[in-house]
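Subject: Structure handover

Hello,

Here is the structure I promised to pass on. Please open it alongside this email; my notes follow below.

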Amino acid sequence: MASLAPASVLAAQASLCYPKSLEGLEKCSTMAEIKQFHSQIIRLGLSSDNDVMGRVIKFCAVAESGDLRYAHKMFEKMPHPDAFIYNTLIRGYLQCHLIRECILLYLQILQDSVTPNKFTFPSLLRACSIGNKIDEGRQAHAHLVKFGFENDGFSQNNLMYMYASFHSLQEARRVFDNMSQKDAVSWTTLISGYSQWGFLDDAHEVFRSMPEKTSASWNAMIAAYVQHNFFQEAFSLFDEMRTEKIELDKFVAASMLSACTALGALEQGRWIHGYISKSGIEFDAKLSTTIIDMYCKCGSLEKAFEVFNGLPSKGISSWNCMIGGLAMHGRGNAAIELFKKMEKQMAAPDDITFVNVLSACAHSGLVEEGRYYFRYMAEFHGIEPKSEHFGCMVDLFGRAGLLEEARKLVDEMPFEPDAGVLGALLGACKVHGDIELGDSIGERVIELDPNNSGRYVILANLYARAGRWDDVAKTRKLMNDRGLKKTPGFSMIELEGIVSKFIAGGMAHPEAKEIYAMVDEMLEQIKKMGYVPDTDCVLYDIDEDEKELPLRYHSEKLAIAFGLIKTRRGETIRISKNLRVCKDCHHASKFISKAFDREIIVRDRNRFHHFRNGECSCDDYW
DNA sequence: ATAGGGTTAG
């Protein structure tokens, strides 16, 4: 073998014929190895050879353990880099979401008079999608046509993806319709594109007319339903998929798990978990985290811990998820202990970890600990607090009644507080009746988040508490004028795998009569124990319809009654709500847990309440 | 080289 063949010969002989000393280049897995080869290459005088250097640059630019800056440096030293090298580099920048660089490289390719090939456009178009570069994307489309790749399937699929991401679904559709060879990716991309913008009917139509569905296309449709809260449809599509004997993969499993999470459907979630174990679907880091999250949010910390403890190696998301789970259940100290364990096991925390730790402190009233970790994250981990962290701190102080400190923190933030931060402060004002402060920030919150009806409701409630009915009316009018409606509250309960949903005063349930009778019985019993209805939330409610509904038939009470009817003595009753639990329901639930000797676990918008023997795990701190 | 999944305060 000629160990010193000139570069031109090497290039002509393509990939098979390196000098012996370059054997193994393809198998590099670390930068250290590749750098050794690079110095070999320089010694052999091949550092301008596109073929050899292309391989080196490819590793550096796109491999997991690569080094994009190093790739770029080598690229700059190439006298005549070819299209492959350009493409590879664009792909590298794309992976890092450095969109400007992708586009600049494309411009450079033209300047260098190198002809782009069909591999150039998929990455370029994808870059335009991610960076929402609409003009550039259209130009790229024009170039693609000019260079004659209009009929390249990969480019067409990426065009569809791009136009869908630009919200130009008609153009995505036009590309699709013009394709002579549609593959599974083309169909699936169109389904997801429609779904992304809420056109579920179109997505469904495309899905139905797809000739040979793959698991990815099933999943695209299932995920579409889940994301838009059509859980029933998601479950029935899932069933259909199983009857058609399509093999379920981890993506479908993940989509279904998130449906269970949203519904609080523990039994269903368990079933999917069991199915995954049986079917041999691989428990990768993402799927494990999804499962842990499902158990946390469906109210079973025990099962979540079981899965968490069984993980062979714990990724940062699993830790974050578990800490967040403890936070949500009001187990602040346990969350902090787990965080310490995480640090000991050398898993470096990130900003999300601290959101969870701080929210754990907030939910448990651990003010000193919260203060400590807020400083600690920057000082020991170099993580500068973001708006989420300020939000947690404002919530922590606000909930604890330290409104002045909360306000001071907002004033001293190094950047403009967003709706989240101010909203937390407004919420605290409502809880503690600080009209003056609430009045001063309420308008700002609404200005920053004008389409969130919840903001108006809180402000109106604050005014109502102060008896400022003119302001209540003004706020309500503003909300109505903007076409916003108060989010209707509902409660869900899953029994034998079926989720029932209740709204306050609703009669739609086939067993409504029995349920209402049970509510009456419940209230009868607990009144004997000293329960007195708390009518505060009725008085303050700004929604007329809601105001007329008797407190006693709030959705949560209906769901609990249904649970009492349908489950055996001693069984835990689990409820999920879309809003926060109201004061009266909270009060009543404590009594009910004692009167009927049941543990009642309620997930509200923010956290869990475990009612047991007349008490709640939140200690009335919420 | 292109499609589908996870953790984030109120």
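A nonpolar core here means a set of buried Ala, Val, Leu, Ile, Met, Phe, Trp, Tyr and Cys residues joined through side-chain atoms within 4.5 Å. Please keep in mind that this is a predicted model.

**Cores**

The largest nonpolar core holds 166 residues. C60, L89, I222 and I292 have the most contacts inside it. Helix α3, residues 50–62, gives the most to this core: 8 residues. A second core is separate and has 30 residues, including L495, F502, I526 and C618.

What does C60 touch, leaving aside its neighbours within four places in sequence? The list is M31, I34, G66, D67, L68, Y70, A71 and M74.

**Repeats on record**

The UniProt entry is unreviewed. It lists "repeat: PPR" at residues 82–116, 183–213, 214–248 and 284–318. I have figures for two of these spans. Residues 183–213 are 74% helix and 0% strand, with the end C-alpha atoms 10 Å apart. Residues 214–248 are also 74% helix and 0% strand, and their end C-alpha atoms lie 10 Å apart.

**Salt bridges**

The whole structure contains 31 salt bridges. Three pairs are described here.

Start with D411 and R407. Their side chains meet at 2.5 Å, N to O. Both sit in helix α24, residues 403–412. They are 4 residues apart, so about one helical turn separates them. D411 is exposed, at 52% relative accessible area. R407 is partly exposed, at 26%.

Next, R468 and D471. The closest N and O atoms of this salt bridge are 2.8 Å apart. R468 is partly exposed, with a relative accessible area of 29%. D471 counts as buried because its relative accessibility is 15%, and the cut-off for buried is under 20%. This pair also belongs to a wider network of salt bridges that links D439, R468, D471 and K474.

Then D584 and K557. Is this pair buried or exposed? D584 is buried, at 0% relative accessibility. K557 is buried too, at 2%. Their side chains form a salt bridge at 2.7 Å, N to O. D584 lies in helix α33, residues 583–595, and K557 in helix α32, residues 555–566. The pair therefore ties together parts that are 27 residues apart in sequence.

**Strands**

Strand β1 covers residues 490–495, and 6 of its 6 residues are buried. In a regular strand, side chains alternate between the two faces of the sheet. On one side of β1 are F490, M492 and E494; on the other are S491, I493 and L495. Both faces are covered.

Which strands pair with β1? One is β2, residues 498–503, which runs antiparallel to β1 and is joined to it by 6 bridges. Within that pairing, S491 has F502 as its bridge partner. β1 and β2 make a hairpin with 2 residues between them. E496, in the turn, has a positive phi of about 50°.

The other is β3, residues 573–577. It pairs with β1 in the antiparallel sense over 3 bridges. There, I493 stands opposite I575.

Two residues from this hairpin return us to the cores: L495 and F502 are among the residues of the second core.

Best wishes

Terms used:
Residues numbered from 1 in each chain as written. Chains lettered and ligands numbered in written order. Predicted model: local features only at pLDDT ≥ 70, side-chain atom pairs only at ≥ 80, totals over all residues. Heavy atoms only, no water. UniProt positions renumbered as here; feature names shortened; annotations may be inferred. Buried < 20%, exposed > 50% of the residue type's maximum accessible area, 1.4 Å probe, protein only. Contact = heavy atoms within 4.5 Å. Salt bridge = Lys/Arg side-chain N within 4 Å of Asp/Glu carboxyl O. Pairing = 2+ DSSP bridges.
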